[in-house]
Amino acid sequence: MLRPWQFEIQLDKKSDKALYLQIADAIISAIQSGNLSAGNALPGSRKLAELLNVNRNTVVEALDVLIAEGWLVSIDRKGTFIAEVQTNISSAKPEKKANINKEELKPHLAFDDGLPDSRLAPMNDLARAYREIFNRKSRWQIMGYSNELGDIEFRKAIVQMLNFKRGLNISSDQICITRGSQMAMYLTSHCLFSKGDFVMVENPGYKPAWETFENAGATLLPVNVENDGLAIDEVENYLKKYKSIKAIYVTPHHQFPTTVTMSLKKRLKLVELSNQYGFTIIEDDYDNEFHFGQRPILPISSYGNVQNFVYIGTLSKIVAPALRIGYLATSITNIEKVAKHRKIIDVQGDNIMEEAVLNLINEGQIKRHLKKANLIYKSKRDFFEKLCKQYLEDKITYTKPEGGLAYWIVPKSEIDLQEVCENLLQKGIKIMSPEKFSFKTPVSGLRLGYASLTEKQMEEGIIALSKLL
């Protein structure tokens, strides 16, 4: 027999927070306060919808969030139950250990660099689509080798998305499906660069890309990032000084790590310089889908007059980080070089997974997942801002990001951020050290990803950080 519902949920239909998130947060509070205990059964979604006087779909969305975040467990043919979770965080100070090895420290809380919450991933739908492919009579056809650029139908779907939603004007012959965006950068590097070439990069910026460029023989030229993107005057100075500049690597939509958006004026000037000097714009649009304003800014690669571009994107952040599917779009000449190099390191991609994801795209599952995820991430972003105002307002400067899954905060006073990171790690809280995205001298800023954390975890982390700044 199911346990009777023993507490009320007050919903504010005028609030900016979606009703299903209000329901989810109320249930979390009830678990944390002890009103609901591990093993307690919840009413069915229909009954709960009647009790709350809301649409059943609203309740289902709330339950999906709670299951994804680990607060509830769903057992087939039995119901939905409160999960076994540790809700009380001990305030006791841990005993000091002598000569602590950083490798032995296992943080219980981590502010990553802006990863999505893998618990929200539509894994059941993906597993179903994967199984359906194996149940087809024609499944033998996808078990052999195929095109090194990726499944043609999957490429067509990605091209359609890029052309209609991001303003590009490309064909399926101009795209290569890769095992994540890092492979896309690797292929791009080894097709564009030789020893002695130069590539301009943002500073601060994305170090894994820098390492890939250097591996291909290129020398890095750092360009500072301002409040509206790249310092274009520095770009011009480099172009006048060096004759072998082959490319510039940029993250113009939500710059990594500062989250700033490159202004239209600077975008147009960058295209003008690219056409004039013949260097390639490598555009990494790593989190285009996560935008909370009216609409995402169109990529530089969508501009009609851009002549030399490589556009890199990923599906890993849309579905789940462990799903390694990325892509690069460029000229047919470059794609032919990419295809030859791809065969050397990896004959083809994961055809079965590509078809499974294609099924989710065609069914509308990816679109629905993104819509729901963006609502959750927007709520988390707003809560993070609330915490900054409450605990850090007199200690940091920041700009509330219009998109992406991370904040960039800068201390108002000079402070050793490396030491701050080490002290937090002693408390079981991990944040990225500035040296992880700085060219030589560490910048004075921290990138704090919030999407994969619960509100309680965010608050614990911000309180601990506030005591060290």
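Me: In this predicted model, why is strand E10 (residues 309-314) largely enclosed by the rest of the structure?
Reply: A residue counts as buried when its relative accessible area is under 20%. On one side of E10 this holds for Phe309, Tyr311 and Gly313, and on the other side for Val310, Ile312 and Thr314, so both faces are covered. Strand E10 is therefore largely enclosed because the number of its residues that are buried is six of the six.

Me: Which residue in E11 is the bridge partner of Ile312?
Reply: Strand E10 is joined to strand E11 (residues 326-330) by five bridges, and these two strands run antiparallel. Ile312 is also the bridge partner in E10 of Asp284, and strand E9 (residues 280-284) pairs with E10 in the parallel sense over four bridges. On the E11 side, the bridge partner of Ile312 is Leu328.

Me: On strand E5, which residues are buried on the side other than that of Phe198, Met200 and Glu202?
Reply: Six of the six residues of strand E5 (residues 198-203) are buried, so the strand is largely enclosed by the rest of the structure. Both of its faces are covered, with Phe198, Met200 and Glu202 buried on one side, and on the other side the buried residues are Val199, Val201 and Asn203.

Me: Which helix makes a right-handed β-α-β unit with E5 and E6?
Reply: Strands E5 and E6 (residues 219-226) run parallel and are joined by six bridges, with Val201 standing opposite Pro222 in E6. The helix that completes the right-handed β-α-β unit with these two strands spans residues 207-215 and is H7.

Me: Which residue in E8 stands opposite Val199?
Reply: Strand E5 pairs with strand E8 (residues 245-250) in the parallel sense, over four bridges. Within E8, the residue opposite Val199 is Ala247.

Terms used:
Residues numbered from 1 in each chain as written. Predicted model: local features only at pLDDT ≥ 70, side-chain atom pairs only at ≥ 80, totals over all residues. Heavy atoms only, no water. Buried < 20%, exposed > 50% of the residue type's maximum accessible area, 1.4 Å probe, protein only. Pairing = 2+ DSSP bridges. Right-handed = clockwise from strand over helix to strand, strands pointing away.
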